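These are my notebook entries on side-chain contacts and surface features. I took up one topic at a time.

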Amino acid sequence: MKLSQESVEKTVSVILRVPALFLIEVWFRTNPHKTIKLHSDDVEIILTIAYYMALIIAVAIATLPLRHLVTFYIYLVCAGLMACAKMVSKVYVSVEKLEHEEEMEAAEKENITLNHGLSALLEDRKHIERLILHIFAQVFIAAVVAYLMEIKNWVKFTLLAFALPVVARLAGFPVTELHLVHDFATVYTILLILFCIFNNLGNIIDICKEGINVAIASFRTFGIIPVVLTFWRTMAVPVQLALFWGLMFLSQIYVYVNSENLGIWQEGWLVILLASMGECCATPVSLLALCVSITYVSCAVLCLTKLYLQGLDAFEHDTMRGWTEGFTMLLIALQTDLLELRPLQRAFLMSILLFIVASSLIQSMYEIADPILLALSASHNPSIFKHVKAVALCMVLWMLPLYMTYFICQYFDMDFWLMVIVSSCLLTSVQIIGSLVVYSLFMYDFIRPEPWEKLDDVVYCAKAITRVLEFIVAVFVVCFGIKESLIGEWNFINAIILVVHCYFNVWQRLQSGWKSFLLRWEAAKKVESLPSATESQLAQHDDVCAICYSDMKTACVTPCDHLFHGVCLRKWLYVKETCPMCHRDLAKNPGQPSQPQNPVSAEMDDANNLNVRPEDVQDNDNKQDTSDCSSSSSDTTEVDTFDVDYDDEELAEEDQLT
């Protein structure tokens, strides 16, 4: 597989920008006024300037275009190579001085006069090898620096400054004074670097000025939020944050593993992981990186869930999931003042936060598994392996929340957030049990020799019981939250969450359930008011139900003399009050004339409202299609056919009604 240039550039950009995040992390963790003892105001001013310059450099690294960023790293590598050249020179001077002292001590003991001339130096093979090695090292480093900086004139020879101690040794310079030559080379190199910075200072200012002008123009043209989102996406900031946090987390675990403090090992590996996570979310940058990392982990788990249930076909036109878990983590961390806590307190709180994230993740996994499970049962998919996989996953998802609830109640004192976790776990378990019950009902209908006419009512009752249990849990959470607000410590964010919970989980559930009940009641009342078809009418009709395409042993007759199954017509009337065939308004009095709609346009407008039997549902992305809808009468044999195609909104509405 050949990588594109764009992919390579994006990968390089992410890798080169991660050090900026480490620099910002160190900047947040460091207080120069507490770390360093200051003895004068001048030193304090210089230290403060350097402190904020480090932040500016980190921001520049994070925002520079890739071309300028590569240039910056080239200069940084060159500075590192010159530091290596300094270390090599220092090692050479130290070794020469050490051997000279040993030779002097040996000569004093034996009363021998040493010859320090060039001839004596060249006669010693060990000295010659050291000279050649250090000269070669200095020449190699200078050549690499000259190549990277594209220096092609005589200036490149000045990069050999750290070779001066070797030259001075060959020239007969006293060994005891070689450190002076090394110090001179060091000062010269520092001045050379400062001159280079001063020479390019104008270009640096122009680049910064250009970037600021582009940012201001973008903010004025598009607004702050679109520009920030575009920068977030094009710079792959989530990937940078995830890579940064992963490296920091692994390094923290390495520190704990190699530490001499054995007390933390006695607590177990889980405590080590929590303590490492607590250490890795001490600043705003690391906290944001932790939330992004949780997002990617959640996305990976959800993708594995879809892969397990549907295979590779599940990823067609798929969007990234997992942002709910990451945002939940960020919101609760800010509400609990996670950054203000000590490391051990953060580690303890982290366990609770991870429970919240886990409950949200299980709910997301259920939202993936639920439509697949019901589609398998409704379409009567013959693959036993698919059924076993879906049911097994739902059983696991059903037991995990209950285990989490048991663990929380056993080891923690109940408060508002723990109650939110417990309620979320119980809601998920109730929803999964409801889905398994509906799945069992559809499968029971499949193995029956005849269709089960009461299936729709039983499924509605099962779903209604599930909704009632969910409503009871939601009301209990609201009552507990009100109690905590009145008796315990009141918190603004808790109040907001309580209001949101009341609206979405209490009011909307109540409103939706009542609306569904009224629709079913009205539809049942309309169907019961219609006369039943006699045996002669059924024999004269001699056709299938136009809604479910099944034979009719019993039927009801509409005012427009069309015959349908009572159950099928009731499903139709949940969403439409017209006849499925001629589109006459069934809500009007049968004696009143009704203007029928254009049959072609009416069928095109209302075809999506048909509700077919479960066995006619296709197992393809949970979509339901019906075709060849026929109508018949006593005096004609012509059959009109049309295709029925469900869209997502109407399917959701029908699912709510059933």
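Over which ring does the charged end of Lys-389 sit? I found that the ring belongs to Tyr-308, with the charged end of Lys-389 placed 5.6 Å from the ring centre. I note at the outset that I am working with a predicted model.

**Entry: salt bridges**

I looked up the salt bridges and obtained a count of four. I began with Arg-29 and Glu-25, whose side chains meet at 2.7 Å, N to O. Both residues belong to helix α1, and because they are four residues apart there, about one helical turn separates them. I then checked how far each partner is covered. Arg-29 is partly exposed, because its relative accessibility is 43%, whereas Glu-25 has a relative accessible area of 3% and therefore counts as buried.

I turned next to Glu-96. Its side chain meets that of Arg-130 in a salt bridge of 2.8 Å, N to O. This pair links distant parts of the chain: Glu-96 is in helix α4 (residues 66-110) and Arg-130 is in helix α6 (residues 125-148), 34 residues apart. I found both Glu-96 and Arg-130 to be buried.

Which further residue forms a salt bridge with Glu-96? I found Arg-169, with the closest N and O atoms 3.1 Å apart. Arg-169 lies in helix α7 (residues 164-170) and Glu-96 in helix α4, so this pair ties together parts 73 residues apart in sequence. Arg-169 is buried, because its relative accessible area is 10%; for Glu-96 I read a value of 2%. I recorded a network of salt bridges that links Glu-96, Glu-99, Arg-130 and Arg-169.

**Entry: aromatic pairs**

I searched the whole structure for aromatic pairs and found nine. One of them is Phe-22 with Phe-244, an edge-to-face pair at 4.9 Å centre to centre, with 80° between the planes. Why does this pair tie together parts that are 222 residues apart in sequence? The reason is that Phe-22 lies in helix α1, while Phe-244 lies in helix α11 (residues 237-257). The two partners differ in cover: Phe-22 is partly exposed at 28% relative accessible area, and Phe-244 is buried at 0%.

I also examined Trp-27 and Phe-28, which form an edge-to-face pair with 5.3 Å between centres and 85° between planes. Trp-27 has a relative accessible area of 15% and is therefore buried, whereas Phe-28 is partly exposed at 39%. I noted that Trp-27 and Phe-28 form one aromatic cluster together with Tyr-51 and Tyr-52.

**Entry: nonpolar surface patch**

I then looked up the nonpolar surface. A patch of about 520 Å² is made by Leu-23, Ile-45, Ile-49, Met-53, Ile-56 and Ile-57. Which helix gives the most to the nonpolar patch? I found it to be helix α3 (residues 41-63), with five residues. Leu-23 lies in helix α1 (residues 5-29). I recorded Leu-23 as partly exposed, because its relative accessibility is 31%.

**Entry: Ser-286**

Is Ser-286 buried or exposed? At 0% relative accessibility, I recorded Ser-286 as buried. I located Ser-286 in helix α14 (residues 284-310). A polar atom of its side chain lies 3.2 Å from the backbone nitrogen of Ala-282.

Methods
Residues numbered from 1 in each chain as written. Predicted model: local features only at pLDDT ≥ 70, side-chain atom pairs only at ≥ 80, totals over all residues. Heavy atoms only, no water. Patch = residues over 30% accessible without salt bridge, like charges linked within 9 Å, V, L, I, M, F, W, Y side chains within 5 Å. Areas by Shrake-Rupley, 256 points an atom, 1.4 Å probe, with all protein chains shown as cover. Helix = DSSP H or I, 4+ residues; strand = E, 2+ residues; numbered from the N terminus. Buried < 20%, exposed > 50% of the residue type's maximum accessible area, 1.4 Å probe, protein only. Phe/Tyr/Trp six-rings, centres within 6.5 Å; stacked < 30°, edge-to-face > 60°. Lys NZ or Arg CZ within 6 Å of the ring centre and 35° of its normal. Polar contact = N/O pair within 3.5 Å; in protein donor to acceptor, adjacent residues only side chain to side chain.
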